[in-house]
Amino acid sequence: PAADLKYLKQWVAEHHGVEAFVEPKTTVTEVTVVLVAADGEWTRRRAGGDKGARQLSDKLDIPVYDVQKVGYPQRMRDFDARRRIERNRELRRELEDG
């Protein structure tokens, strides 16, 4: 969809070292794409089906991988782990401060 493509283009422009990982259609969701930056920050959007997902490399000028073949990058999992730690620290501070 045009709105999703616009968002993805903007996200790529604002982040460094972005790669795309195409996720398959499930019973709940259409084909989606996860963009992962060099620091592990990520975002997910609809990809416009299989054809749209495969065209992302040209449209966004980034590498595109099939997540079923290569898996998710470790930097994405590390980013999520850091965020969980940061959220837990913030919650503890809020509880301590009353």
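**Close-up 1. Val34 and its partner across the hairpin.** In this predicted model, Val34 has Arg44 of strand 3 as its bridge partner. Zoom out a little and you see strand 2 (residues 32-36) running antiparallel to strand 3 (residues 42-46), with five bridges between them. Five residues sit between the two strands of this hairpin, and Gly40 takes a positive phi near 95° there.

**Close-up 2. Arg44 again, this time with Glu23.** Arg44 also makes a salt bridge to Glu23, with 2.8 Å between the closest N and O atoms. Glu23 belongs to strand 1 (residues 19-23) and Arg44 to strand 3, so this contact ties together parts that are 21 residues apart in sequence. Which end is buried? Glu23 is, at 8% relative accessibility, while Arg44 is partly exposed at 35%.

**Close-up 3. A helix-to-strand salt bridge, Arg54 with Asp66.** Here the two side chains meet at 4.0 Å, N to O. Arg54 comes from helix 2 (residues 49-60) and Asp66 from strand 4 (residues 64-66), so the pair links parts 12 residues apart in sequence. Arg54 is partly exposed, with a relative accessible area of 45%; Asp66 counts as buried at 19%, because the cut-off for buried is under 20%.

**Close-up 4. Arg83 and Glu86 within helix 4.** This salt bridge, 3.5 Å from N to O, stays inside helix 4 (residues 74-97), where Arg83 and Glu86 are three residues apart, about one turn of the helix. Arg83 is partly exposed at 38% relative accessibility, and Glu86 is partly exposed too, at 44%. The structure holds six salt bridges, including this one between Arg83 and Glu86.

Key
Residues are numbered from 1 along each chain as its sequence is written. This is a predicted model: local features need pLDDT of at least 70, side-chain atom pairs count only at pLDDT 80 or more; totals for chains, interfaces and linings use all residues. Side-chain values use heavy atoms; hydrogens and water are left out. Two strands pair if DSSP finds at least two bridges between them. Helices (H or I, at least four residues) and strands (E, at least two) are DSSP runs, numbered from the N terminus. Buried means under 20% relative accessible area, exposed over 50%, partly exposed in between (1.4 Å probe, protein chains only).
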